[in-house]
Amino acid sequence: MARTAIALVVSAVVEIGLHTVRLPRLSRLLGVPLDTVGPREPDIAAPVIVPRRARRRLAAARRALKYWPFGDSCLRMALVGGFLVRDLDPVLRIGVAKHDGVVKAHAWIEIGGLSIDPGAADFAPVESARS
């Protein structure tokens with residue numbers, strides 16, 4: 001119950017931030033920096049194992065956002081969930097894919113170069129155009 005209450009408070013902060021701050025800054029402030037450098041090679045020697053406490057925090061974020069009046073978008077979930085597991089050094093990743101002729105976007109978090117969102121596999125990460 002306490003985890004869900006914390007997730008609700010973080011959801012409110014994220015919602016305000018989404019309307020007042022640019023995404024790269026908001027994600028940095030939340031401890032989930034936006035990664036547009038490109039996909040990182042996962043460290044095969046050390047696979048990502050999400051500890052039970054982190055899985056519980058992510059579940060609390062899903063519970064909090066399930067009935068969130070502004071929607072439970074993947075971006076909100078990635079920011080709230082990423083904040084709650086920031087001790088694992090997550091990064092925010094944005095990707096795009098074309099489904100049935102329609103371009104769709106998705107946001108998720110990665111830990112150690114690996115996505116913790118199985119749905120992210122269908123999306124190509126967006127890379128920065130800056131050189």
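This section describes a four-stranded sheet, two packed helices and the surroundings of one leucine in a predicted model.

The sheet is open and contains 4 strands in the order S3-S2-S1-S4, with antiparallel pairing. Strands S3 and S4 (124-125) occupy its edges, where each has a single partner strand, so one side of each is left without a neighbour in the sheet. Helix H4 packs on this sheet and touches S1 and S2. The direction of H4 makes about 5° with that of S2.

Strand S1 (residues 91-99) is joined to strand S2 (residues 102-111) by 9 bridges, and the two run antiparallel. Within this pair, Gly95 stands opposite His106 in S2. S1 and S2 form a hairpin with 2 residues between them. Asp100, in the turn of that hairpin, has a positive phi of about 55°. Strand S2 is also joined to strand S3 (residues 114-115), here by 2 bridges and again in antiparallel orientation. Glu110 stands opposite Ser115 in S3. A hairpin with 2 residues between the strands is likewise formed by S2 and S3, and Gly112 in its turn has a positive phi of about 60°. In general, strands of a sheet pair through backbone hydrogen bonds, either parallel or antiparallel.

Besides its packing on the sheet, helix H4 (residues 74-84) packs with helix H3 (residues 52-66). The angle between H3 and H4 is about 145°, and their axes lie 9 Å apart. The crossing of the two helices is right-handed. On the H3 side, the contact involves Arg57, Leu58, Ala61, Arg62 and Leu65; these meet Arg76, Met77, Val80, Gly81 and Leu84 in H4. The residues of this contact divide into 6 nonpolar, 1 polar and 3 charged.

Leu75 also lies in helix H4. Its relative accessibility is 22%, and Leu75 therefore counts as partly exposed, given that buried residues fall under 20%. Leaving aside neighbours within four places in sequence, Leu75 is in contact with Leu18, Leu23, Leu92, Ile94 and Ala107. The C-alpha atom of Leu75 is separated by 7.3 Å from that of His106, a residue 31 positions away along the chain. His106 is the S2 residue that stands opposite Gly95.

Key
Residues numbered from 1 in each chain as written. Predicted model: local features only at pLDDT ≥ 70, side-chain atom pairs only at ≥ 80, totals over all residues. Heavy atoms only, no water. Axes fitted to C-alpha atoms, helices over the stretch in contact; angles between N-to-C directions. Left-handed = near helix turned anticlockwise from the far one by under 90°. Contact = heavy atoms within 4.5 Å. Nonpolar A, V, L, I, M, F, W, Y, C, P; charged D, E, K, R; others polar. Pairing = 2+ DSSP bridges. Buried < 20%, exposed > 50% of the residue type's maximum accessible area, 1.4 Å probe, protein only.
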